[in-house]
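Dear colleague,

I am handing over the structure we spoke about, and I would be glad if you could look through it before reading my notes. The sequence and the model come first, and what I found in them comes after.

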Amino acid sequence: MFAERAAYQQTGGHASVKGAIVDDVALARQFKSHGHRSFLLNITEYVTCYMYETSRDVWEGFGKNIFPGIGRSYFLAALLTIFYTIFFFFRSPFSFTELLLPAGYSACLFYSSFL
């Protein structure tokens, strides 16, 4: 996560979200509530990150973050479960990104509109 120092200090930084399970989402909400923009960008071409070593670690790590990350919405949780179940069992010959983006464009999601 990158932030301008002034914006980070104005929002109270990590101290303002110290009780949050998903601190990055909480910080993004803080930025938005103080009039700053936040973006979620796919930069996997430029960085490497190894968060988890086993499948169980992945399940536990994302399990604690997903529900709070979608605003504790049971509807969205059910929708995401159905969506990923379909894509897991019925894999498409093309990626999901190719469905959404014209050829030559890279994935870039504007996160602040969902917070």
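What follows goes from the overall layout to individual residues.

Please keep in mind throughout that this is a predicted model. The protein chain has 115 residues, of which 13% are buried, and its secondary structure comes to 5 helices and 2 strands. Read from the N terminus, these elements follow the order α-α-β-α-α-α-β. When contacts between residues at least 6 apart in sequence are considered, 56% of them join residues at least 24 apart. The chain exposes about 9800 Å², and 63% of that area is supplied by carbon and sulfur atoms.

A good place to begin is helix α2, which spans residues 23-33 and has Val 25, Ala 26, Leu 27, Ala 28 and Phe 31 buried. Which helices do the buried residues of α2 pack against? They pack against α1, residues 5-11, and α3, residues 55-69. Just after α2 comes Gly 35, which takes a positive phi of about 85 degrees. Arg 72 also has a positive phi, of about 55 degrees, although it is not a glycine; Arg 72 is placed in the loop between α3 and α4, the latter covering residues 74-89, and with a relative accessibility of 49% it counts as partly exposed.

On the surface, Phe 39, Leu 41, Ile 43, Tyr 46 and Val 47 make a nonpolar patch of about 510 Å². Of these residues, Phe 39 lies in the loop between α2 and β1, a strand at residues 40-41, and Phe 39 counts as partly exposed because its relative accessibility is 39%, which falls between the limits of 20% and 50%.

Finally, a search of the whole structure finds 2 aromatic pairs. In one of them, the ring centres of Phe 67 and Tyr 74 are 5.1 Å apart with the planes at 55 degrees, so this pair is tilted. Phe 67 is partly exposed, at a relative accessible area of 24%, whereas Tyr 74, at 67% relative accessibility, counts as exposed. The rings of Phe 83 and Tyr 84 have centres 4.9 Å apart and planes at 85 degrees, and this pair is therefore edge-to-face, since the angle is over 60 degrees. Here Phe 83 is partly exposed, with a relative accessible area of 26%, while Tyr 84 is exposed, with a value of 53%.

With best wishes

Key
Residues numbered from 1 in each chain as written. Predicted model: local features only at pLDDT ≥ 70, side-chain atom pairs only at ≥ 80, totals over all residues. Heavy atoms only, no water. Helix = DSSP H or I, 4+ residues; strand = E, 2+ residues; numbered from the N terminus. Buried < 20%, exposed > 50% of the residue type's maximum accessible area, 1.4 Å probe, protein only. Contact = heavy atoms within 4.5 Å. Areas by Shrake-Rupley, 256 points an atom, 1.4 Å probe, with all protein chains shown as cover. Patch = residues over 30% accessible without salt bridge, like charges linked within 9 Å, V, L, I, M, F, W, Y side chains within 5 Å. Salt bridge = Lys/Arg side-chain N within 4 Å of Asp/Glu carboxyl O. Phe/Tyr/Trp six-rings, centres within 6.5 Å; stacked < 30°, edge-to-face > 60°.
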